[in-house]
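Open the model in a viewer and keep the sequence panel visible. The stops below give a selection to make and then what is found there.

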Amino acid sequence: MTDVDGNVSVNGSSNVLHRMGSFPGLDASVTYLFDRPIAAFGFDVNPHPDHVNNTVDFVTGTSGAGSFVLPGSDITEFRGSIFDTPFTSITFSMNSVSRGAWGSDNVAAFAPVSLPGTLALLSLGLAGFVVTRRKAV
């Protein structure tokens, strides 16, 4: 996974700091890009001590949207969401009231699972089980 500004790998790295808001020098938003469509996304978040309980908004490349509240103290907690429509980008932002700084690490992103493929594998496994049982009897 890379961020929109370069090839920054978040997983396994130190906490990546996002400074967001409407003041000069702060990012208005941060966008993560993915190589393939994903349907679930989560990561560890840690607020700057002066910015606990602030709200972070997000929107996906397919118009999925939501928000989460940063932890209430300077601790790391997991935040994640499951989406109905797969996407390849997600953008985080804070409004001018909630501007602040927070870090992210240990990003987890999951591709959607194909239901027809899952059912086919399950059917083959059950058929193999039935054949094995009949041979044993």
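Start with the surface of the whole chain: about 8300 Å² is exposed, and carbon and sulfur atoms supply 57% of that area. Of the 137 residues, 31% count as buried.

Next, colour by pLDDT, since this is a predicted model. The chain has a mean pLDDT of 77, with 80% of its residues at 70 or more. Confidence is lowest in strand 1 (residues 2-3), where the mean is 42, and highest in strand 6 (residues 77-93), where it is 89. Select residues 1-11: the pLDDT is below 50 over this stretch, which has 25 contacts in the model beyond near neighbours in sequence.

Switch to a cartoon. The chain has one helix and seven strands, and along the sequence they follow the pattern β-β-β-β-β-β-β-α. Among contacts between residues at least 6 apart in sequence, 76% join residues at least 24 apart.

Now select S89, which is found in strand 6. Is S89 buried or exposed? Its relative accessibility is 17%, and the cut-off for buried is under 20%, so S89 counts as buried. Show what surrounds S89: leaving aside neighbours within four places in sequence, its contacts are T31, Y32, L33, F34, V59, T60 and G61.

Move on to the aromatic side chains. How many aromatic pairs are there? The count comes to 15. Select F68 and W102, an edge-to-face pair with 5.8 Å centre to centre and 85 degrees between the planes. F68 lies in strand 5 (residues 65-69) and W102 in strand 7 (residues 100-110), so this pair ties together parts that are 34 residues apart in sequence. F68 and W102 are both buried.

Then select F83 and F87. They also form an edge-to-face pair, at 4.8 Å centre to centre and with 80 degrees between the planes. Both F83 and F87 are buried.

Extend the selection to Y32, F34, F41, F43, F58, F68, F83, F87, F92 and W102, which form one aromatic cluster. Both pairs just visited are included in this cluster. Y32 and F34 have already appeared on the tour, among the contacts of S89.

For the last stop, return to the surface and select L115, L119, L122 and L126. Together these leucines form a nonpolar patch with about 410 Å² of accessible area. One of them, L126, has its place in helix 1 (residues 115-136).

How values were computed: Residues are numbered from 1 along each chain as its sequence is written. Side-chain values use heavy atoms; hydrogens and water are left out. pLDDT is the predictor's confidence in each residue, from 0 to 100. Helices (H or I, at least four residues) and strands (E, at least two) are DSSP runs, numbered from the N terminus. Contact means heavy atoms within 4.5 Å. Buried means under 20% relative accessible area, exposed over 50%, partly exposed in between (1.4 Å probe, protein chains only). Rings of Phe, Tyr and Trp (its six-membered ring) pair if their centres lie within 6.5 Å; planes under 30 degrees apart count as stacked, over 60 as edge-to-face and the rest as tilted. Patches are made of residues with over 30% relative accessible area and no salt bridge: like charges are joined within 9 Å, nonpolar side chains (Val, Leu, Ile, Met, Phe, Trp, Tyr) within 5 Å. Accessible areas come from the Shrake-Rupley method with a 1.4 Å probe; for residues, only the protein chains shown count as cover. A salt bridge is a side-chain nitrogen of Lys or Arg within 4 Å of a carboxyl oxygen of Asp or Glu.
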